[in-house]
Number of protein chains: 2
Amino acid sequence: MKGTKGFSHIAKKRFELFLDTHDYRKTPERFAVMDELFAHEGHIDADGLFLIMRNKNYSISRATIYNTLDLLEECGLAVKHHFKNKNALYEQSLIYQQHNHLVCNDCNKIKEFSDPRLENIKESVSKELGSKIILHSLVFYGDCTIVDCENKRNEN
Amino acid sequence: MKGTKGFSHIAKKRFELFLDTHDYRKTPERFAVMDELFAHEGHIDADGLFLIMRNKNYSISRATIYNTLDLLEECGLAVKHHFKNKNALYEQSLIYQQHNHLVCNDCNKIKEFSDPRLENIKESVSKELGSKIILHSLVFYGDCTIVDCENKRNEN
DNA sequence: TTACATGCAAACCCTTTGCAATCGT
DNA sequence: ACGATTGCAAAGGGTTTGCATGTAA
């Protein structure tokens, strides 16, 4: 999602409330991970965050990153995705409205879209199969049809 | 998918043709894995197949299972899913029409559904984002609303 | 002060890989 | 017979865990 800059203080408030409520400690590491996730546009994996923070000479361990990402997911500030990769990708979700992903077969870039018709499908399925649907994951995989796409074939 | 019994000879024909075309060898292990996948209703992981076959005293290695599942996926006889699990789940796809999955938050059981409106969404996204969509993955995660659901809370 | 969180490294789990033995063609 | 395929075990890569140290409350 774009345009999330300047919203991290709202995220911080929500995170603090969450930590308070659950009697979790407000450690600097946890806020640092949150900040880094919110500073990053798009999707990133745990190790990506780890490397970025280390490169900034912020001392942190992978274990703490994983732990914090779980907390962020738990309080709805992060969404965890399992695309075809073997590792999980995260994205901040403060202004997350359920959106979906199109993964490009050519360059692996991820585009986002949303479509109201998905809600209709959800409602039908809820009734038919007897489930209160809490979340969904819709991913399309496709070949690029954009002529001279700037992203095309730039994987190494 | 249900009702796939008795279709494995068709699968076998398709697999043989595929192996011939690609100059891959028709080993008994490959057909054994295919048979086992087609004998299994629903989703199963590589290790699940491995254990089933070992329990039948069929001597096979994990490496061969993984290799064969790749081949089956390549020729369209198997579909590989990445749900929230860390391991991949496979299902036979001889009579696979694109269908989608509802994963139960209570018991982890997987139900299937399909909805024609998804095709409409696909068409819109194809045009909007410039992509020829080859495949998709739609998964709903929901809480069971079925009273006295037989599957409810039987995880250990 | 005291229990919870961190950091590190080892353990874990699923999957892939290397190589000698086997077997399809 | 030749070379692809198998089986095994070891390596790999992402994630989790155990434990001593550090630190928020």
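Student: Which residues are closest to DNA strand D?
Tutor: A:Y66, A:A88, B:R25, B:T64 and B:N67. In total, 20 residues surround the strand; near means a heavy atom within 4 Å of it. This is a predicted model: local features need pLDDT of at least 70, side-chain atom pairs count only at pLDDT 80 or more, and totals for chains, interfaces and linings use all residues. Residues are numbered from 1 along each chain as its sequence is written, chains are lettered from A and ligands numbered from 1 in written order, and side-chain values use heavy atoms, leaving out hydrogens and water.

Student: How much of the DNA strand D side is sugar and phosphate?
Tutor: Sugar and phosphate make up 71% of the strand D atoms that come within 4 Å of the protein.

Student: What does the side chain of B:N67 do there?
Tutor: One of its polar atoms lies 2.8 Å from a phosphate oxygen of DNA strand D. For A:Y66, a side-chain N or O atom is 2.5 Å from a phosphate oxygen of the strand.

Student: Which helix gives the most to that surface?
Tutor: α4(B), with three residues. Helices here are DSSP runs (H or I, at least four residues), numbered from the N terminus.

Student: New topic. At what angle do α1 and α4 of chain B cross?
Tutor: Roughly 95 degrees, and their axes come within 10 Å. Axes are lines fitted to C-alpha atoms over the stretch in contact, with angles from 0 to 180 degrees between N-to-C directions. The two are therefore roughly perpendicular, a label for 65 to 115 degrees.

Student: Which residues meet there?
Tutor: B:F15, B:F18 and B:L19 of α1(B) meet B:T68, B:L71, B:L72 and B:E74 of α4(B), with contact meaning heavy atoms within 4.5 Å.

Terms used
Angles under 35 degrees count as roughly parallel, over 145 as roughly antiparallel, 65 to 115 as roughly perpendicular and the rest as oblique. A polar contact is a pair of N or O atoms within 3.5 Å; within protein, one must be able to donate a hydrogen and the other to accept it, and residues adjacent in sequence count only if both atoms are side-chain atoms.
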